[in-house]
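Q: Hey, I've got a protein model open and I don't really know where to start. Can you walk me through it?
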Amino acid sequence: MMVQFSRIKNHELLSQRVYRIIKRDIISGKLASDSRLFEEKIAEQMQISRTPVREALRLLSAEGFLTLKPNNGIVVSQISPQDLVDVLHIRLQLETYAINLAAKKITDTEIKELRSILEQMREVVDSRNSLSYNNLNLKYHSRIIGISGNKKLCEICDHLHQQSEHWIRSLVLPKRMMQSLNEHISIFKALEKKDSKKSKEEMYRHVNNVISNICINKLKGEEDKG
């Protein structure tokens with residue numbers, strides 16, 4: 001079934017607005033992997049010409065969110081477990097660097113912000129709401145990277161998060177949510193003490209556990225196929 005896209009009411013930077021809407025729907029899971037997109041139908045639903053839609057789809061393809069398949073048109077990209085692991089290994093290096101910077105300059109106000117996010121995470125774990133948990137998880141990581149004060153690092157990590165978080169979401173089980181929450185609490189405690197070494201160790205442990213969890217899911221999938 002074709003997803004209904006929002007209408008666009010004005011014509012300022014149309015391609016960017018179309019790009020943002022489709023990207024949001026991919027990241028949120030509204031558009032699942034292998035969903036087919038039709039340039040003409042998107043333009044019709046948004047009540048715009050096909051040109052900005054074509055440009056938006058081109059940008060999303062360049063970023064890896066969409067794939068052009070022969071005889072099948074444009075589809076939402078699938079990512080292999082190995083692709084996801086590769087992205088996470090990059091995040092592992094960048095986020096341990098970011099938290100090292102953040103631990104040295106974090107303020108009491110920023111500590112309170114992170115504590116507030118953790119409290120929300122605890123609530124959604126209790127309600128077993130994995131979608132809300134992952135949204136808060138992304139907010140928590142992004143806030144730590146923001147505290148580092150390195151704008152370019154923030155831009156790069158934001159792009160990597162967008163590439164990986166909506167795929168990670170589908171692999172998260174309730175029992176992993178509790179483990180993940182405990183890992184985030186350990187990260188917070190190290191940041192609260194402004195202990196850069198411990199903060200790096202806890203962030204490394206957390207992201208590495210995410211990688212291990214994906215590898216376990218991959219092996220299980222291969223066993224199920226066998």
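A: Sure, let's go through it one topic at a time, and keep in mind that this is a predicted model.

Q: Okay, how many helices and strands does the chain have?
A: You'll find nine helices and three strands. Read along the sequence, they come in the pattern α-β-α-α-β-β-α-α-α-α-α-α.

Q: And how much of the chain is buried?
A: Buried residues make up 43% of the 226 residues. As for the outside, the chain exposes about 12500 Å², and carbon and sulfur atoms supply 51% of that.

Q: Where's the largest nonpolar core, I mean, which elements give two or more residues to it?
A: The core has 31 residues, and Leu-114, Met-121, Tyr-140, Ile-144 and Leu-191 touch the most other members. The elements giving two or more residues are α4 (81-105), α5 (108-126), α6 (130-147), α8 (174-192) and α9 (196-225).

Q: Let's pick Tyr-140. What is it in contact with, leaving aside neighbours within four places in sequence?
A: Quite a list: Leu-114, Ile-117, Leu-118, Met-121, His-184, Ile-187 and Phe-188.

Q: Which residues does the second core include?
A: Leu-14, Ile-21, Leu-31 and Ile-48 are among them, and this separate core has 21 residues.

Q: Switching topic: what about helix α2? Which of its residues are buried?
A: In α2 (residues 39-46), the buried ones are Glu-39, Ile-42, Ala-43, Gln-45 and Met-46. Seen down the helix axis, they fall within an arc of 165°, so they line one face of α2.

Q: Why do residues three or four places apart point the same way?
A: An α-helix has 3.6 residues a turn, so residues with that spacing point the same way.

Q: Then what's on the other side of α2?
A: Glu-40 and Glu-44 are there, and they are exposed. The buried residues of α2, on the other hand, pack against α1 (14-28), β1 (36-37) and α3 (50-62).

Q: What follows α2?
A: Gln-47 does, and its phi is positive, near 60°.

Q: Now cysteines. How many disulfides does the structure hold?
A: Zero. Take Cys-154: the nearest cysteine sulfur, in Cys-157, is 7.2 Å away.

Q: Why is there no bond between Cys-157 and Cys-154?
A: Their sulfurs are 7.2 Å apart, which is too far for a bond.

Q: Are those two buried or exposed?
A: Cys-154 has 25% relative accessibility, so it counts as partly exposed. Cys-157 is at 1%, so it counts as buried.

Q: I also clicked on His-161. Where is it?
A: His-161 sits in helix α7 (residues 151-169). This histidine is buried, with a relative accessible area of 2%. Leaving aside neighbours within four places in sequence, His-161 is in contact with Arg-91, Glu-95, Leu-138, His-141, Ser-142 and Ile-145.

Q: Last thing: what's the mean pLDDT of the chain?
A: The mean is 86, and 86% of the residues reach 70 or more. Confidence is highest in α5, at a mean of 96, and lowest in α9, at 79.

Q: Where does pLDDT stay under 50?
A: That happens over residues 222-226, for which the model has zero contacts beyond four places in sequence. Where pLDDT is low, the predicted coordinates should not be read in detail.

Conventions
Residues are numbered from 1 along each chain as its sequence is written. This is a predicted model: local features need pLDDT of at least 70, side-chain atom pairs count only at pLDDT 80 or more; totals for chains, interfaces and linings use all residues. Side-chain values use heavy atoms; hydrogens and water are left out. A nonpolar core is a set of buried Ala, Val, Leu, Ile, Met, Phe, Trp, Tyr and Cys residues joined through side-chain atoms within 4.5 Å. Buried means under 20% relative accessible area, exposed over 50%, partly exposed in between (1.4 Å probe, protein chains only). Helices (H or I, at least four residues) and strands (E, at least two) are DSSP runs, numbered from the N terminus. Contact means heavy atoms within 4.5 Å. The arc is that of the directions from the helix axis to the C-beta atoms. A disulfide is a pair of cysteine sulfur atoms within 2.5 Å. Accessible areas come from the Shrake-Rupley method with a 1.4 Å probe; for residues, only the protein chains shown count as cover. pLDDT is the predictor's confidence in each residue, from 0 to 100.
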